[in-house]
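Work through the following exercises with the sequence and the model side by side, and try each task before reading its solution.

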Amino acid sequence: MIKVGIVVGSIRENSFSEQLAKNLVELFPEGYDIEFIEIANLPLYNQDSDENVPEVYTAFRKTIKELDAVVFVTPEHNRSFPAALKNALDVGSRPYGSNVWDGKPALIVSQSPSNLSGFGANHHLRQVLAFLNVPVVQQPEVYIANVMDLLGEDGKITNQDTIGFLQTIVDTYVDFIKKH
Ligand SMILES: Cc1cc2nc3c(=O)[nH]c(=O)nc-3n(C[C@H](O)[C@H](O)[C@H](O)COP(=O)(O)O)c2cc1C
């Protein structure tokens, strides 16, 4: 079983990002165990906590370490990805020399309720992941615009073109995971 974690960049209840992520889960083939990773419970990272480590940090780092791969589904906040996601990346990257994200093949999906589609968030996230030594699927890039139009009342996407696109993305990512 290949363990894939999904980190949702929004900590808003029932966020569009989370709904979108749930649609992705169903597109993975057999043999993939997909788990949503909690980030809302992580206190704001402070280097002092390298000495006095909060239990939630230890649990979070262990969870990430045990993953084979990680998917980021994120909205854009002020032309970047949300602070909660940056905090989770920071927590996992420390103490210095024990970066738990290291080498985990990743997929980035950004979304917005407008036409913008989270381009800024998507690319700022790529910049941080490059430093954390996380290989990211380069193509196709995934920018989901007008997400509210795609999600039904039940959070499901029914538009066949969108489902087809997302299936291509997941298939590409599965190949990418195998290569790593
Ligand atoms: C602090 C803040 C900043 C935002 N900045 C942007 C932005 O730069 N670009 C954008 O497309 N949407 C921006 N938005 C709107 C988000 O795209 C919108 O809230 C979206 O629904 C968030 O996705 P979620 O449902 O997954 O939380 C911002 C929202 C907040 C709360």
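**Exercise 1.** Where in this predicted model is Pro-140 found?

Solution. Begin with the flanking elements, which are helix H4 (119-131) and strand E5 (142-144); Pro-140 is found in the loop between them. Then turn to the peptide bond that joins Gln-139 and Pro-140, which is cis, with omega about -5°. The loop between H4 and E5 also holds Asn-133, whose phi is near 60°, a positive value in a residue other than glycine.

**Exercise 2.** Decide whether Arg-79 is buried or exposed, and describe its backbone.

Solution. Residues count as exposed over 50% relative accessible area, and Arg-79 has a relative accessibility of 54%, so it counts as exposed. As for location, Arg-79 sits in the loop between strand E3 (69-74) and H3. Its phi is near 70°, which is a positive value in a residue other than glycine.

**Exercise 3.** Describe the surroundings of the ligand, going from the shell to the individual contacts.

Solution. The ligand is surrounded by 15 residues, and the closest are Ser-10, Arg-12, Ser-17, Asn-78 and Arg-79. Sorted by class, this shell comprises four nonpolar, eight polar and three charged residues. Among the contacts, a polar side-chain atom of Ser-17 lies 2.5 Å from a ligand oxygen, while an N or O atom in the side chain of Arg-12 is 2.7 Å from an oxygen atom of the ligand. Asn-78 takes part through a polar backbone atom, 2.8 Å from a nitrogen atom of the ligand. Finally, the ligand taken alone exposes 610 Å², of which the protein buries 72%.

Conventions:
Residues are numbered from 1 along each chain as its sequence is written. This is a predicted model: local features need pLDDT of at least 70, side-chain atom pairs count only at pLDDT 80 or more; totals for chains, interfaces and linings use all residues. Side-chain values use heavy atoms; hydrogens and water are left out. A residue is near a molecule or strand if one of its heavy atoms lies within 4 Å of it. A polar contact is a pair of N or O atoms within 3.5 Å; within protein, one must be able to donate a hydrogen and the other to accept it, and residues adjacent in sequence count only if both atoms are side-chain atoms. Accessible areas come from the Shrake-Rupley method with a 1.4 Å probe; for residues, only the protein chains shown count as cover. Ala, Val, Leu, Ile, Met, Phe, Trp, Tyr, Cys and Pro count as nonpolar, Asp, Glu, Lys and Arg as charged, and the others, Gly among them, as polar. Helices (H or I, at least four residues) and strands (E, at least two) are DSSP runs, numbered from the N terminus. Buried means under 20% relative accessible area, exposed over 50%, partly exposed in between (1.4 Å probe, protein chains only).
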